[in-house]
Amino acid sequence: MARSRDRFVFMFMVFAGFIWLAVVVMVSLPGSNLRLSVEFDKSQSPDEWKLVGKDSSFRPPVIQRLDLDRLRFEEARRVDAAKNLLAKEQEQKEKQIKEDIERRKVLDRLVPPFKLAQNSMQEAYHVIGNAFAARTSWPSNVDKENELKFNQRVQSGLIVPRWGEHPEVALDSKSPGEFGVDVNINKESLTDVEKKKFDDGWQRNAFNQYASDAISVHRSLPDVRDHECRSLKYHDNLPDTSVIIIFHNEAWSTLLRTVHSVIDRSPPALLKEVILVDDFSDLEHLKKPLENYMEKLGKVYVLRAKSRQGLIRARLLGASRATGKVLTFLDSHCECTRGWLEPLLDRIAQNRSNVVTPIIDVLDDSTLRYQYSSARSTSVGGFDWNLQFNWHAIPAREMSRRKSAVEPVQTPTMAGGLFSIDKTYFEYLGTYDPGMDIWGGENLELSFRVWMCGGALEIVLCSHVGHIFRKRSPYSWGTGVNVLKKNSIRLAEVWMDEAKKYYFDRLGNDLGDYGDVSARKELRRRLNCKSFKWYLTNIYPEMFVPGDALASGEIRNKAMGTFGGVRQPICLDSPADRNSMSKPLDLWPCHNMGGNQYWMLSKNGEIRRDDACLDISGDKVIIQNCHGGLGNQQWKYTDEDTLLHVVTRRCLELSEDGAKISLRPCSSVDRQVWSFRRKQPGTEVPVN
């Protein structure tokens, strides 16, 4: 009996062993229903991780423990492999950054190209150009797998993207100026040699060349577009464009950065060519070194003017050589951002008579910081009766016309430095006025012509281009002619009809020789253009028209003032630009030449020039932006020829020494009596 029991136990153990072995084999097979998965709850310790799977309730604990150990081992191996991969790629990244920095030192800062020997310079640019092309260019036919790998690297922090048509690699996120940040130079910490370079750069360019030279010509910029812009789709068959850039003695770094930003952030199929027009520069680095550099880039051509032409004629030279369907004009100290080109070309593809400009962002002239604004805070272009361009908030009528905050906005005028226009349409409109010299006034002339002759002028809010706004012009012409005045008189004679008298009044009707405009008047007749009154009524109804003023001209005090020890007539005299806002109203001997002594009294009682009105602060009279709300900006020109401030019931008075003005209780003294030419019924020429 005992022997039979032992045999039964032995047979049972053998059978159980076979069963145990079969279960292990089945669990290990791929696709088995008994195969387990693991849910990792990071709040628990590894011993508390739970096993989940089909038929898991039927499995012995020892099998579950074996599977858990195996899965833990596999997970640890994957983690180690990932760490090793990241470490290896990080090492490669750091090595590449070091190499790129060294190349950049040669290319951008330490060795100016014109100081290198001719052969070594060409060789250096060839090697560096190829290195940058291999490093920063993303193939236009990139496949999804490579793009997915790139995005995974970005998310892991292994590389940092620089925005462009395709993903671009920022060579060093800590390099000066990367992502559009400012570059602050402490001049006091510089050596004497460096201080001289710093000062010379400002003198030559009217911006901080020293800071610009510290920044890569390939520097990255943030994607400054509004979020709604990033998902917009454009026409499949957009026209290509020739980008025309005029330069004269431009700094090397800003010119190259302009060109590279165009190439790096423009779809190759849409960029026909970049035409650099040299307006007779005399700096050595803009001669053969520039040609050698641009030759390596492809699509970039350098045209040389044989004498100083000025912006207007240099642009005409570039346009005559352009082969693209659209002309895009840029200044030589710009930086284009991601997605800048497509929305401009899309508007022209919809209607070739659309003339379009990007949002012009600010590149700080001192730090090169990229300062941008949103579509909702964009301004539109206008002008004043001095025929100077200015900016205004988008009017309510235009806000209500558009269906979207990022839809292009119509603008009465454009700044003129940066815009795109269909080449055939540009020629149909008569290009630029060839009788205008150098620059100035051509932007208003083209703006009036576009609107009055059937076109439209728009700011495309999904396109951003940065521009260095200089506070002075670093160039001198020595012609002895007031070029801006001459150009403005030409546009007034041709396009402003009877309204030209408002500008001529500012000049004291001293027109001088402005050349023959008969050909431009014939062009207007041939194009069957509308009247200037139509323009003011339909395109710029916000414009204050001097013909509506109750009085205009100089405001002269009856008493006399003393200037330079001489008693002479005194007039109100103050500029009305944005820099004069909140500053005290000034005085100057009357000169009867208009300008800063020309004032108008509106129907609402504003004493104004363009958008600047007389306001008060305490008993002081100041210049302030006209707000249309009357209050402190409401005056009355009384029958006694006094200027009464309506709110305070006080009168404008000249001080006894004739040096300043203030508000005082009204009296009959001569120092409160002002002559202001009143409008006589029937004498004002209407605007037709």
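Biologist: In this predicted model, how many bridges join strand 10 to strand 16, and in which sense do the two strands run?

Modeller: Strand 10 covers residues 354-363, and one of its pairings with strand 16 places Pro-358 opposite Val-460. The two strands run parallel, and the number of bridges that join them is 10.

Biologist: Which residue of strand 16 stands opposite Cys-334?

Modeller: Strand 9, made up of residues 334-336, is joined to strand 16 by three bridges, and these two strands run antiparallel. Within strand 16, the residue that stands opposite Cys-334 is His-467.

Biologist: Strand 14 also pairs with strand 16; which residue there is the partner of Gln-410?

Modeller: Strand 14 consists of residues 409-410 and pairs with strand 16 in the antiparallel sense, over two bridges. Opposite Gln-410, in strand 16, stands Glu-458.

Biologist: How many residues of strand 16 are buried?

Modeller: Strand 16 spans residues 456-468 and is described as mostly covered, where a residue is taken as buried when its relative accessible area is under 20%. By that criterion the count of buried residues in strand 16 is 13 of 13.

Biologist: Turning to the salt bridges, what separation along helix 5 lies between Asp-200 and Lys-196?

Modeller: Asp-200 forms a salt bridge with Lys-196, and their closest N and O atoms are 2.8 Å apart. Asp-200 is partly exposed at 26% relative accessibility, whereas Lys-196 is exposed at 52%. Because the two residues are four apart in helix 5 (residues 192-205), the separation between them is about one helical turn.

Biologist: Are the two partners of the salt bridge between Arg-225 and Asp-223 buried or exposed?

Modeller: The closest N and O atoms of Arg-225 and Asp-223 are 2.9 Å apart. Arg-225 has a relative accessible area of 13%, and Asp-223 likewise has 13%. Since the cut-off for a buried residue is under 20%, Arg-225 counts as buried, and Asp-223 counts as buried.

Biologist: How many residues apart are Arg-308 and Asp-279?

Modeller: Arg-308 forms a salt bridge with Asp-279, with the closest N and O atoms 2.3 Å apart. Arg-308 lies in the loop between strand 7 and helix 10, and Asp-279 in the loop between strand 6 and helix 9, so that the pair links distant parts of the chain, with a separation of 29 residues.

Biologist: Which of these two residues, Arg-308 or Asp-279, is buried?

Modeller: Arg-308 is partly exposed, with a relative accessible area of 26%. At 2% relative accessibility, the buried partner is Asp-279.

How values were computed. Residues are numbered from 1 along each chain as its sequence is written. This is a predicted model: local features need pLDDT of at least 70, side-chain atom pairs count only at pLDDT 80 or more; totals for chains, interfaces and linings use all residues. Side-chain values use heavy atoms; hydrogens and water are left out. Buried means under 20% relative accessible area, exposed over 50%, partly exposed in between (1.4 Å probe, protein chains only). Two strands pair if DSSP finds at least two bridges between them. A salt bridge is a side-chain nitrogen of Lys or Arg within 4 Å of a carboxyl oxygen of Asp or Glu.
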